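Reader: Could you take me closely through one part of this model, the antiparallel sheet, and then set it beside the elements elsewhere in the chain? I would like the pairing, the packing and the individual residues treated together.

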Amino acid sequence: SIMPATLSAISNGARHGILFKGGVHLENLSNIKAIAFDKTGTLTKGKPEVTDIIVREGLAETELLSVVASIESQSNHPLAQSIVRFSQEKNIAYSAPDQLEDAAGWGVKGIVNGKQWKVGKADFVGKEAALSFSEGIANELAASGKTTVFAADDQGIAAVIALKDLIREETKHALELLHQEGIHTIMLTGDNAITAQAIAKEAHLDTFIAECLPEHKVDHLKTLIDDYQTVAMVGDGINDAPALATANIGIAMGEGSDVALETADIVLMKNDLPKIAEAIRLSKKMKRIIK
Ligand code: ADP
Ligand code: MG
């Protein structure tokens, strides 16, 4: 049965934008030693903006964007949606691709005007070629925290598009509060290590795991649980649901995908990250009252 102190804390939480799907989760929060965060849409706003486009010699930028927009128009990845939006703002016409294959966590493959294209991360289009494209400029873009999306055709790398996803205003403060509670913070991202390091530093994470495929997030969580005993995971995407379920406590961003909301034990109704530390404090206080 549920303790009166727990019940009152739950309803108090709900009034303040944090939803507990049961008293046990509120009670467990006081034991949390580490929290893993998804990057895109959780620590960051999840609406990356195109900042740079570098196109292979002999290829026009509008032509390139038309092809990439065609392929990305079929993907619902935040990077894809941003590239499509950017192309639309530039009034670039594009058609639907003839064939499409969405490789979650890697990129998209498709045929446009009879030609095979790949759009996605460096490993997906060919790491060596991607990183040496335009004399290492891809590395520079990543070092400033930008995510690089490569486009390649049968002649090799055709372009790199850089996008910057801003860190949420509350992220640093939320992490500071957690560090005050002695909690270790980890960022999990599918992004490359150079970009991930720049973002982790900017957002004040203790550590990060980069190039993390959606299916590997669960394995990383299991390792974290071995190391820290009680671990929470915070995420927003469909991809995060298995990790949210694996964590001792799954926390979803309120504006996240339905699957994340359903799977989570706790929902931050307004995506309000500092509420996590608040809830942990509440849990610790409640434990003292009950004891
Ligand atoms: P994250 O949520 O941390 O960005 P994802 O697993 O969604 O991780 O994606 C990992 C990486 O795969 C992205 O950073 C990007 O480089 C690449 N990627 C995935 N889907 C696409 C896509 N539709 N277009 C371009 N790149 C993509
Ligand atoms: Mg995400």
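**The antiparallel sheet and its surroundings**

Author: Asp-153 has Gly-156 of β8 as its bridge partner, and I begin from that pair, with the reminder that the model is predicted. The two strands concerned are β7, which covers residues 147-153, and β8, which covers residues 156-164, and they run antiparallel to one another over seven bridges. In general, the strands of a sheet are joined through backbone hydrogen bonds, in either a parallel or an antiparallel arrangement.

This pair belongs to an open sheet of six strands, whose order is β3-β8-β7-β6-β5-β4 and whose pairing is antiparallel. Its edges are formed by β3 (49-55) and β4, each of which pairs on one side only. Between neighbouring strands of the sheet the average turn is 15 degrees, when direction is ignored. Helix α4, made of residues 61-72, packs on the sheet and touches β3, β4, β5, β6, β7 and β8, while its direction makes about 110 degrees with that of β5.

At the β4 edge, β4 and β5 are joined in the antiparallel sense by five bridges, and one of the pairs matches Ala-103 with Gly-107 in β5. The hairpin that these two strands make has three residues between them, and within that hairpin Gly-105 takes a positive phi near 85 degrees.

Further along β5 is Ile-111, a residue that is partly exposed, because 15 other C-beta atoms lie within 10 Å, whereas a buried residue would need 20 or more. If residues up to four places away in sequence are set aside, Ile-111 touches Pro-97, Asp-98, Gln-99 and Gln-116. Of these, Gln-99 falls in the range 99-103 of β4, and Gln-116 falls in the range 115-120 of β6. As for distance across the model, the C-alpha atom of Ile-111 is separated by 42 Å from that of Ile-249, a residue 138 places away along the chain.

The loop between α5 (78-89) and β4 (99-103) contains Asn-91, where phi is near 55 degrees, a positive value in a residue that is not glycine. Asn-91 counts as exposed, because it has 7 C-beta neighbours inside 10 Å and the limit for that class is 12 or fewer. A second asparagine with positive phi, Asn-271, has a value of about 60 degrees, and it lies in the loop between β13 (266-268) and α14 (274-290). Asn-271 has 20 C-beta neighbours inside 10 Å and therefore counts as buried.

Helix α14, which follows that loop, packs with α9 (residues 171-180) at an angle of about 25 degrees, the axes being 7 Å apart. Since angles under 35 degrees count as roughly parallel, α9 is placed in that class relative to α14. The contact is made by His-173, Ala-174, Leu-177 and Leu-178 from α9, together with Pro-274, Ile-276 and Ala-277 from α14. The crossing of these two helices is left-handed.

The parallel pairing around β11 offers a useful contrast with the antiparallel sheet. Strand β11, residues 231-235, is mostly covered, for five of its five residues are buried. In a regular strand, side chains alternate between the two faces of the sheet. Val-231, Met-233 and Gly-235 point one way from β11, Ala-232 and Val-234 point the other way, and all of them are buried. With β2 (residues 34-38), β11 pairs in the parallel sense over four bridges, and here Ala-36 stands opposite Met-233. With β12 (residues 249-253), β11 again pairs in the parallel sense over four bridges, and Met-233 has Gly-250 as its bridge partner in that strand. Helix α12, residues 241-246, joins β11 and β12 in a β-α-β unit that is right-handed.

One further residue, Ile-10, sits in helix α1, which covers residues 4-15. Ile-10 is buried, because 21 other C-beta atoms lie within 10 Å and the class begins at 20. Leaving aside neighbours within four places in sequence, Ile-10 is in contact with Phe-20, Gly-23 and Leu-26. The C-alpha atoms of Ile-10 and Gly-237 are 25 Å apart, and 227 residues separate the two along the chain.

Technical notes. Residues are numbered from 1 along each chain as its sequence is written. Chains are lettered from A and ligands numbered from 1 in the order in which they are written. This is a predicted model: local features need pLDDT of at least 70, side-chain atom pairs count only at pLDDT 80 or more; totals for chains, interfaces and linings use all residues. Two strands pair if DSSP finds at least two bridges between them. A crossover is right-handed if, with the strands pointing away from the viewer, the path from the first strand over the helix to the second runs clockwise. Axes are lines fitted to C-alpha atoms, for helices over the stretch in contact, and angles run from 0 to 180 degrees between N-to-C directions. Angles under 35 degrees count as roughly parallel, over 145 as roughly antiparallel, 65 to 115 as roughly perpendicular and the rest as oblique. A crossing is left-handed if the near helix is turned anticlockwise from the far one by less than a right angle, and right-handed if clockwise. Two residues are in contact if their C-beta atoms, placed from the backbone, lie within 7 Å.
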